[in-house]
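Please describe the structure shown here in a short report, with attention to its charged pairs, its cysteines and its surface.

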Amino acid sequence: MRIDIITLFPEMFAPVMGESIIGRAQKSGAVEIVCHQLRDYAFDKHRRVDDTPYGGGMGMLMKAEPIALCFEDICEKLGERPHFVYMSPQGRTLNQGRLRELAELENICILCGHYEGVDQRLLDAFIDEEISIGDYVLTGGEIPAMVFADALCRMVPGVLTNNECFTEESHFNGLLEYPQYTKPSVWRGVEVPEVLLSGHHANIDKWRKEKAYEITLSKRPDLIDKSS
């Protein structure tokens, strides 16, 4: 999978996306993340990509043409049109189900908004999907883009050691993950559940499913409603 990111701050991504699992995935070739400086597609000597909104109001809006030129350049280099996502608090809230669907794509482009947003004409003409990471507003789309890219990349074959690394996690099957324990078997007087020490895999699987349901019912009953 290749992920192209259109941003005013490409230098923000390398310290995060270049480390740990995602960094190793890039080195192995399982994923490719390419950041594009939007100002490179500006017209004036100041490399401005924003202007005042028609009708008045606070703040500035990102102009349509630099974004369009950048995206068209990406399309030309790829030889095809990637799925174009705009990180926006107005978008559909990201969830594991949508990530599973998007992980099937080969090319995704992410637009990081800034200021008061983006000229609506660009969104109408180019954007395939708006995605939000929650019902709140941040100073820019870079952090949401990192969240989206990280969650997406780990679904790509070859990024994690095997599929069970994510199929057993919270939200993948509509439930939260069961409790997990590591050594020592007794910590400050609290013992690991006996079933986990039994070696009986059928009983362990049964216990994990029951606990996953109990935890989901306790912490996120809304997920139970959605899955039923």
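## Charged pairs and their surroundings

D222 is partly exposed, at 30% relative accessibility, where buried stands for under 20% relative accessible area, exposed for over 50%, and partly exposed for what lies in between (1.4 Å probe, protein chains only). Its side chain meets that of R220 in a salt bridge with an N to O distance of 2.9 Å, and R220 is itself partly exposed at 31%. The term salt bridge is used for a side-chain nitrogen of Lys or Arg within 4 Å of a carboxyl oxygen of Asp or Glu. Elsewhere, R2, D4 and E32 are joined into one network by salt bridges that share partners.

All of this is read from a predicted model, in which local features need pLDDT of at least 70 and side-chain atom pairs count only at pLDDT 80 or more, while totals for chains, interfaces and linings use all residues. Residues are numbered from 1 along each chain as its sequence is written, and side-chain values use heavy atoms, with hydrogens and water left out.

The structure holds 12 salt bridges, and three of them are set out below.

| Pair | Closest N and O atoms |
|---|---|
| R81 and D128 | 2.6 Å |
| R220 and D222 | 2.9 Å |
| K211 and E214 | 3.4 Å |

Side chains of opposite charge can pair when their charged atoms come close. R81 forms its salt bridge with D128; R81 lies in the loop between α3 (64–78) and β5 (83–93), and D128 in the loop between α5 (120–126) and β7 (129–132), so the pair ties together parts that are 47 residues apart in sequence. Helices (H or I, at least four residues) and strands (E, at least two) are here DSSP runs, numbered from the N terminus. R81 counts as partly exposed at 42% relative accessibility, and D128 is likewise partly exposed, with 40%.

The pair K211 and E214 has a local setting, since the two residues are three apart in helix α9 (residues 201–219) and are thus separated by about one helical turn. K211 is partly exposed at 26% relative accessibility, and E214 is partly exposed at 42%.

## Cysteines

What does a search of the whole structure find in the way of disulfides? It finds zero, a disulfide being a pair of cysteine sulfur atoms within 2.5 Å. For C35, the closest cysteine sulfur is that of C112, and the separation of 7.7 Å is too far for a bond. For C70, the closest cysteine sulfur belongs to C109, at 6.7 Å, which is again too far for a bond. C35 is partly exposed, with a relative accessible area of 28%, whereas C70 is buried, at 0%.

## A nonpolar patch and a buried aspartate

On the surface, M12, Y136, L138, I143 and V147 form a nonpolar patch with about 420 Å² of accessible area together. Patches are made of residues with over 30% relative accessible area and no salt bridge, like charges being joined within 9 Å and nonpolar side chains (Val, Leu, Ile, Met, Phe, Trp, Tyr) within 5 Å. Within this patch, M12 is found in the loop between β1 (2–7) and α1 (14–17), and M12 is partly exposed, with a relative accessible area of 33%.

D119, in the loop between β6 (107–112) and α5, counts as buried at 16% relative accessibility. Apart from its neighbours within four places in sequence, D119 is in contact with M62 and A64, contact meaning heavy atoms within 4.5 Å. D119 and E65 are 54 residues apart in sequence, and their C-alpha atoms are 9.4 Å apart in space.

## The chain as a whole

The protein chain has 10 helices and nine strands, and its C-alpha atoms fill a box of roughly 70 × 40 × 35 Å along the principal axes. Of its 228 residues, 41% are buried. Among contacts with a separation of 6 or more, 72% come from residues 24 or more positions apart. The accessible surface comes to about 13,500 Å², of which 51% belongs to carbon and sulfur atoms; accessible areas come from the Shrake-Rupley method with a 1.4 Å probe, and for residues only the protein chains shown count as cover.

The average pLDDT of the chain is 91, and 93% of the residues score at least 70, pLDDT being the predictor's confidence in each residue, from 0 to 100. Over residues 164–171, however, pLDDT stays under 50, and the model has 19 contacts beyond four places in sequence for this stretch.
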